[in-house]
Amino acid sequence: MTDRGSNTERTASSFPRDASCRVFLKASGAGVCKVDANGRLIGADLRFCRMLRRRRKSLIGQRFVDLLRPEDRDADIGLAHKTAPEGEHWHAEVRYQRKADQPLWAIVYGSWSGAPGDPSRYWLAASVDISQRKDAEQSLRNSEARLAAIFDYSPVGLSELSTQGDFLRVNDQLCRLLGRSRGELLAMNIGEVTHPDDVDHSRKAISQLVETGSPASLEKRYLRADGQIVFATSSISMPESVGQQPQVVLAVTVDMTERRRIERELADDLEASKRLQAISTQLIPGGKVTDLFQRLIAAATDIVRADCGLIHLRDGPEDCLRLVAESKVGDELKAICEKENSGMLTATIEAMHQRMRVVVSDYETDLRFANTEAARAYLKAGVRGSVVTPLITRSGIDLGVLSNHYGEPVAVKERDLRMLDILARQAADLVERIQSEAALRESEEHYRTLFDSIDEGFCILEIFLDDSGKTVDSRFLQINPAFEKQSGLKNALGKRPTELIPGLESSWNDIFGSIALTGKPRRFISEVRDLNRWFAVYAFRLGDPQKRQVAAVFSDVTEHIHEQAALKEADRRKNEFLAVLAHELRNPLAPIRSGLQVLRMSEIDKQDHHRLLILMERQMQHLVRLVDDLLDLSRITQGKIHIHPEKTALQDIVESAVEGSRPVFTSGGVELDVRLPSETIVLNADAARLAQVIANLLNNAAKYTPAGGQVWLDAQVGGDDLVISVRDTGSGIPENMLRNIFDPFIQVDERLVRRQDGLGVGLSLVKTLVQLHGGNVTAHSEGAGKGSEFVVQLPRIVIHPQAEEPKPQAEGEEDLGHHRVLVVDDNVDAANALAMMLRMFGNEVEVAYSGDEGVSLAERFSPELMLLDLGMPEVDGYEVARRIRGGPWGKSIVISALTGWGQDEDRQRSKEAGFDYHLVKPVDLGALRQLLSALPTSMRH
């Protein structure tokens, strides 16, 4: 082991005095090492060890070449100068490789001791750290490049002038401003483009600048090539010259033509003038990437004196290259470049694979490429040699290749090749930066576009915690345009949610705080009661956990929540309706079934028989009414219900309604009091529908009024309006049901009434039918047990009493018999029952149970009337009617449809199919009587 304290003495004694003196005289303060004839270290001083950050013990025995960066090992001065005579010195710039550190740039000064061939011969190397100088040189190059870019792409005119005013350098903006090319201006003096009246002033300003060195600013007029005058402000200055460089004048020219025009037109508008000055003096640096590539390839071909050059960048998969710049490249060489992507081995592909420069001196003799497809292609394109340099960034990313080609065999100096390597490295770094900036801009643009265009609200929140880690508040750091629409909060940026929503539920803070602390995203739906809104939220932690930032994407789902609630309510009503429907259908079916069973008993007397028939007919009418209400409701929901107004007496409408409702009042023990105007009131209304309105209101009142109660029907005329009121002493309507009392399937709680029958659609039909007449209906009640009142107001439908009243139709004896009738229905029981009824009227009746049988029987029987079911299988009623009407024997037959479909469009369709009448099942006896009595007399026997 050695004693660190005596390092200087040991170092001095470990090297020959004469060689050491020569080295230290050459480079004072350098780190020194001693290398034997085989290139291995046999000595090193403390400064050299510190420079490499290595212990002396680890250096001794190492090859000197292994201490260098791989790319600098061809500069091994020790091995390269083994035969140098004793005492001869040399030097080189190298980069030492330091572990886990940046390389160390150094100048190595070397000197041999001993004659060539002497086994004890060695050489000393003194290394001087020049890393700072190298960094300064790189910074200077970067600065010069930035200044050149600023000069070339400045939005104001820039020029360098000699002290005599000759243009030495101009940028594109000055060329555009003066309307001349760069070449034209570089051959001119500034006086040649200056207005004659301003030439002396301009030259005097330059002379004064040269004498005093003080910058100056002057307003002057320039003359464009087309003769137009340009008003401009020129600021001139004289940078300090370096060394023997001649003095130059730097001129900054800003086009002031537009400002002068505005100043002349709006002299008193100071604000506009300031705005214009700010715009006119604004500098926006920038440039095209394609121009940068062209400058790079031009510089590369100039350095190595190539005939043409190209730059390829990697594009997608491995070995896939894209041409981005070329100089003086012919079509044949471009075709080779396209083949390089197809797997052909070329110098370009080789350089990309090896990640190092490839030089092909001559494609005819190069051992790697001679007689290959690539060599033949290059030679055919007129290329004899190539220099291909990979574009590898300092971070080791392979971006592409820079290739130069020659029409003659390559003879490039090593110095020029190294310069090309440096250019390639700089180009790679520059391209990487440009690509990164472009990718960043594209990413930011995509983010901004997404951020601004999504319909959902988006915000970033900063979460505030107390000392215990509990969330106490937050703040909006960022919001998107849809935030206000979705949340209803205005000017939220930078504010705390509790500032905007004082009553905000603490659960929101708890959720966002948990996400910020745990990093686990959450998807949830919650309500903000102060806003009366529901939100669907997806929240996640954003960025560094220490920042405690949470991003949230949310949307207002209040309407959806309400719709779901409405759907649930509708589903509940549907279920209740189905239960009520089953109950209401069983109510009339039960007595009908019981009556049928009683009729089968032979002991029943005539009086009981008559009462049973009346009961069964009443229950059947109730069933028909239920079906009619359902059909009317269906028409309402489909918008297919219509009214057919005609002149009708109010008294007739009320009488019809009361007559239909009388059994309900009688069976329930409820008294009905009807009060109508004494004079005859004639309405222009649909009598049947208006009677349905009044009957539904009366039935509703009777249903909810207990026995012994009373119902009042009152009608009054006020101006041109008719007001009909139905008031009762029944169970009343709870306040919470008044708003929905006219909705379908709504019924008052059955616990408040004595009985309930019906489907809960009557009041909904009332509202629709009244509105179709242009009126409205309202409901009033003081509450449960205090009765209710329904008021119908019908405007502008009253015809005054002096108008002609309709005359009652004369009644005559009905003759319902002596006709040939054919019944066609696939329902055997229904067909036979109808035939039995027709025979009881005295008609001759035949029955068919299918469409084909009906056509065949009609042709043989020649009926006067056919009752034809529409919905038969295989051959329906429409087809039967078409066949019958198609024969000469069937044109005079009266055909009536017999169907369960009774809507207006159903009646229209049967009419268009050739039917004369349309009867709806179950067939009403009155309708059947009317049809039989309407048959022409000529048809009767």
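Which residues do ring pairs link into a cluster? The exercises below use a predicted model, and this opening question is taken up in Exercise 1.

**Exercise 1. The aromatic cluster and a cavity**

Task: Name the residues of the ring cluster, then describe the lining of the second largest cavity.

Solution.
- Step 1. The cluster joined by ring pairs consists of Phe476, Phe483, Trp508, Phe512, Phe524, Phe535 and Phe554.
- Step 2. Turn to the empty space inside the model. Seven cavities of 30 Å³ or more are found in the whole structure. The second largest cavity holds about 260 Å³ of space.
- Step 3. This cavity is lined by 19 residues, and those closest to its centre are Phe476, Leu489, Trp508, Phe512 and Phe554. Phe476, Trp508, Phe512 and Phe554 are also named in the cluster.
- Step 4. Sort the lining by element. Two or more residues come from each of strand E16 (457-465), strand E17 (471-479), helix H17 (482-487), helix H19 (506-518), strand E19 (533-542) and strand E20 (549-556). H19 contributes the most, three residues.
- Step 5. Sort the lining by residue type. There are 16 nonpolar residues, three polar ones and no charged ones.

**Exercise 2. The second largest pocket**

Task: Describe the volume and lining of the second largest pocket.

Solution.
- Step 1. The volume of the second largest pocket is about 1700 Å³.
- Step 2. Its lining has 34 residues, of which Glu71, Asp72, Arg95, Trp105 and Arg425 are the closest to the centre.
- Step 3. The elements that each supply two or more lining residues are strand E3 (89-96), helix H6 (131-153), strand E14 (385-392) and helix H16 (414-453). H16 has the largest share, with seven residues.
- Step 4. By type, the lining of this pocket has nine nonpolar, seven polar and 18 charged residues. The lining of the second largest cavity, by contrast, has no charged residues.

**Exercise 3. Classifying two ring pairs**

Task: Decide whether the pair Phe64 and Trp123 is stacked or edge-to-face, and do likewise for Tyr363 and Tyr378.

Solution.
- Step 1. The model has 15 aromatic pairs in total.
- Step 2. For Phe64 and Trp123, the ring centres are 5.4 Å apart and the planes stand at 75°. Planes over 60 degrees apart count as edge-to-face, so this pair is edge-to-face.
- Step 3. Locate the two residues. Phe64 is in the loop between helix H4 (56-59) and helix H5 (77-80), while Trp123 is in strand E5 (residues 122-129), so the pair ties together parts 59 residues apart in sequence.
- Step 4. Check the accessibility. Phe64 has a relative accessible area of 2% and is buried; Trp123, at 1%, is buried too.
- Step 5. For Tyr363 and Tyr378, the centres are 4.7 Å apart with 20° between the planes, and the pair is stacked. Tyr363 lies in the loop between strand E13 (358-360) and helix H15 (373-380), and Tyr378 lies in helix H15, 15 residues away in the chain. Both Tyr363 and Tyr378 are buried.

**Exercise 4. Charges over rings**

Task: State which ring the charged end of Lys34 sits over, and which ring Arg121 lies over.

Solution.
- Step 1. Lys34 has its charged end over the ring of Tyr122, 4.2 Å from the ring centre.
- Step 2. Arg121 is placed over the face of Trp112, with 4.1 Å to the ring centre.

**Exercise 5. The span of a helix**

Task: Compare the expected span of helix H23 with the distance between its end C-alpha atoms.

Solution.
- Step 1. Helix H23 (residues 687-703) has 17 residues, and at 1.5 Å a residue it should span 24 Å. The expected span is 1.5 Å times one less than the number of residues.
- Step 2. The end C-alpha atoms of H23 are 24 Å apart, which agrees with the expected span.
- Step 3. As for its surroundings, 16 of the 17 residues of H23 are buried, so the helix is described as mostly covered.

**Exercise 6. Three loop residues**

Task: Classify Lys328, Asn532 and Val670 as buried or exposed.

Solution.
- Step 1. Lys328 lies in the loop between strand E12 (321-327) and helix H13 (331-340). Its relative accessibility is 71%, so Lys328 counts as exposed. Lys328 is not a glycine, yet its phi is positive, near 60°.
- Step 2. Asn532 lies in the loop between strand E18 (522-528) and E19. Its relative accessible area is 54%, so Asn532 is exposed. Asn532, also not a glycine, has a positive phi of about 55°.
- Step 3. Val670 lies in the loop between helix H22 (650-668) and strand E22 (671-675). Its relative accessibility is 7%, so Val670 counts as buried. The C-alpha atom of Val670 is 9.8 Å from that of Thr729, a residue 59 residues apart from Val670 along the chain.

Methods. Residues are numbered from 1 along each chain as its sequence is written. This is a predicted model: local features need pLDDT of at least 70, side-chain atom pairs count only at pLDDT 80 or more; totals for chains, interfaces and linings use all residues. Side-chain values use heavy atoms; hydrogens and water are left out. On a 1 Å grid over the protein atoms alone, a cavity is a set of points where a 1.4 Å probe fits but cannot get out, and a pocket is an open set with protein on both sides within 12 Å along at least five of seven lines; lining residues have an atom within 4 Å of a point. Grid points are joined across faces, edges and corners, and a volume is the space filled by probe spheres set on the points. Helices (H or I, at least four residues) and strands (E, at least two) are DSSP runs, numbered from the N terminus. Ala, Val, Leu, Ile, Met, Phe, Trp, Tyr, Cys and Pro count as nonpolar, Asp, Glu, Lys and Arg as charged, and the others, Gly among them, as polar. Rings of Phe, Tyr and Trp (its six-membered ring) pair if their centres lie within 6.5 Å; planes under 30 degrees apart count as stacked, over 60 as edge-to-face and the rest as tilted. Buried means under 20% relative accessible area, exposed over 50%, partly exposed in between (1.4 Å probe, protein chains only). A charge sits over a ring if NZ of Lys or CZ of Arg is within 6 Å of the ring centre and within 35 degrees of the ring normal.
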